[in-house]
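Got the viewer open? Load the model, colour it by chain, and keep the selection box handy.

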Amino acid sequence: MNNHEYIEHLLPDYINGTLSEADIYIVEKALASSKDLQQKHDEFVQVFGVLKQDDIIQLMNDEVESVDVTLPFKAKRNMFMPKIMIGTTTSIAACLLLWIGINNQISSNVQNGDVKKIPTIELAETIDEFTPLELQSEDVEEVILDEILTLYVSDIESGKEINPVLEKEITNYLLQENTDEEVL
Amino acid sequence: MKPEQDILYLLEKGKTHEAMSILMSNYKRFVHSTAIRYLKDDDDAKDLTQEVFIKAYNSLDYFRGDSKIQTWLYAITRNLCLNALDKKKRKGNVIHLETLEVLSDERSDRLVNESEFSKFFKECMSILPEKQRETFILRHVEELTYEEISEMLGTSIGGLKANYFQAVQKLSQYLSSKKEGNIQ
């Protein structure tokens with residue numbers, strides 16, 4: 001394509017004002033120096049003058065007025081669920097599953113006897129008012145056990161009558177301690 | 001917001017019916033005028049417009065805005081038009097005499113009611129080959145960019161510029177001949 005043809009091809013867009021500034025400059029420069037191009041430009045102006053965009057659109061709008069489009073709207077299953085609802089449901093389900101799992105594991109361990117029993121002991125001084133004590137901390141446990149063992153030993157040495165419950169607990173504790181040492 | 005953005009926003013929100021209403025009100029003219037250009041029959045074009053929107057509605061869920069809505073609708077319209085023309089060709093032009101008389105009466109009634117400009121515009125478009133006519137309408141009337149037209153018609157931008165120029169040139173020659181009285 002030579003330069004003249006290239007500029008000719010730009011003429012329709014130049015007339016409709018849809019050309020870039022750089023191309024407008026090229027076309028105007030060429031139009032100023034070429035009578036042939038000027039004549040083509042005038043002819044094209046006439047074409048766009050009789051086939052105006054607005055008139056064509058108006059014609060198309062008139063024609064489409066009688067077109068009635070009705071769609072057979074299908075009854076879509078409403079699968080839409082807000083994201084917040086999905087998130088909440090999932091979280092609740094996860095919590096439930098976790099809770100059920102933990103419960104099952106605990107009951108299975110209880111059945112198998114795997115749960116470490118918390119030692120329940122009575123203090124030697126208050127042996128008559130028997131009160132079970134659940135030990136919460138290893139430090140407290142150690143201090144109390146030392147105290148009990150001391151009292152137990154002193155009772156044996158002084159020939160006092162030993163409470164059978166206390167004796168059983170201490171025996172169990174000592175046996176447990178021996179087993180742990182063997183394992184170690 | 002532009003209709004295209006409105007439609008995509010509504011689709012994202014799952015409001016297909018609302019999206020479809022905007023789509024039809026904004027692109028009905030475009031679809032119908034494209035169908036008329038291909039089928040050259042108003043009644044067929046009306047039926048096809050309906051068909052295009054049903055097809056668009058059924059596949060709207062898959063439209064994700066990769067191409068412009070106008071480009072997408074043009075592709076649907078063009079395909080359905082070509083299929084309809086193909087069907088017509090295969091069926092052959094076997095028309096009974098009674099049907100021909102009815103059609104002839106309808107056509108003459110319509111021509112009487114048709115405006116001067118409408119007749120003139122159809123005449124002008126009829127002298128252009130398909131690609132030039134489509135390029136002329138899409139560029140001059142629909143004001144689409146060459147890039148958009150290129151996507152619709154599958155023609156290079158250079159080719160489209162040449163088509164547009166040739167269309168305007170042919171129309172210019174046609175107008176000159178009409179003026180000189182060579183064409184009635």
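Here is a walk through the two chains, one selection at a time.

First, the ground rules: this is a predicted model, where local features need pLDDT of at least 70, side-chain atom pairs count only at pLDDT 80 or more, and totals for chains, interfaces and linings use all residues. Residues are numbered from 1 along each chain as its sequence is written, while chains are lettered from A and ligands numbered from 1 in the order in which they are written.

**Confidence**

Colour chain B by pLDDT (the predictor's confidence in each residue, from 0 to 100). The chain B average is 85, and 85% of its residues score at least 70. Now select residues 97-113, helix H5 of chain B: confidence in chain B is lowest here, with a mean of 53. Jump to helix H7, residues 130-141, for the highest in chain B, at 94. Helices (H or I, at least four residues) and strands (E, at least two) are DSSP runs, numbered from the N terminus. For the complex, the predictor reports an ipTM of 0.80 and a pTM of 0.62.

**Helix H4 of chain B**

Next, select residues 69-91. How far apart are the end C-alpha atoms of H4(B)? They are 33 Å apart, which agrees with the 33 Å expected for 23 residues at 1.5 Å a residue (the expected span is 1.5 Å times one less than the number of residues). Show side chains for Ile69(B), Gln70(B), Leu73(B), Tyr74(B), Thr77(B), Leu80(B) and Cys81(B), which are buried. Buried means 20 or more other C-beta atoms within 10 Å of a residue's own, exposed means 12 or fewer, and partly exposed is in between, with C-beta atoms placed from the backbone. The cover over these buried residues includes H1, H2, H3 and H8 of chain B.

**The core**

Stay with Leu73(B). Along with Leu23(B), Ala35(B), Val52(B) and Val168(B), Leu73(B) touches the most other members of the largest nonpolar core, which has 47 residues. H2(B) provides the largest share of this core, 9 residues. A nonpolar core here is a set of buried Ala, Val, Leu, Ile, Met, Phe, Trp, Tyr and Cys residues joined through C-beta atoms within 7 Å. Centre on Val52(B): leaving out residues up to four places away in sequence, Val52(B) touches Val31(B), Leu73(B), Ile76(B), Thr77(B) and Leu80(B).

**Two odd backbone spots**

Most residues other than glycine have a negative phi. Select Lys40(B), though, and phi is about 55°. Lys40(B) sits in the loop between H2 and H3 of chain B, and is partly exposed because 13 other C-beta atoms lie within 10 Å. Then go to Glu143(B), where phi is near 55°, in the loop between H7 and H8 of chain B. Glu143(B) has 11 C-beta neighbours inside 10 Å, so Glu143(B) counts as exposed.

**Where the chains meet**

Turn chain A on. How many residues does each chain bring to the contact? Chain B brings 28 and chain A 24, with contact meaning C-beta atoms, placed from the backbone, within 7 Å. On the chain B side, H2, H3, H6, H7 and H9 each supply at least two residues, and H9(B) gives the largest share, 8 residues.

**Chain A**

Last stop: chain A has 7 helices and 2 strands, running α-α-α-α-α-β-β-α-α along the sequence. Of the 184 residues of chain A, 8% count as buried.

Definitions and conventions:
Two residues are in contact if their C-beta atoms, placed from the backbone, lie within 7 Å.
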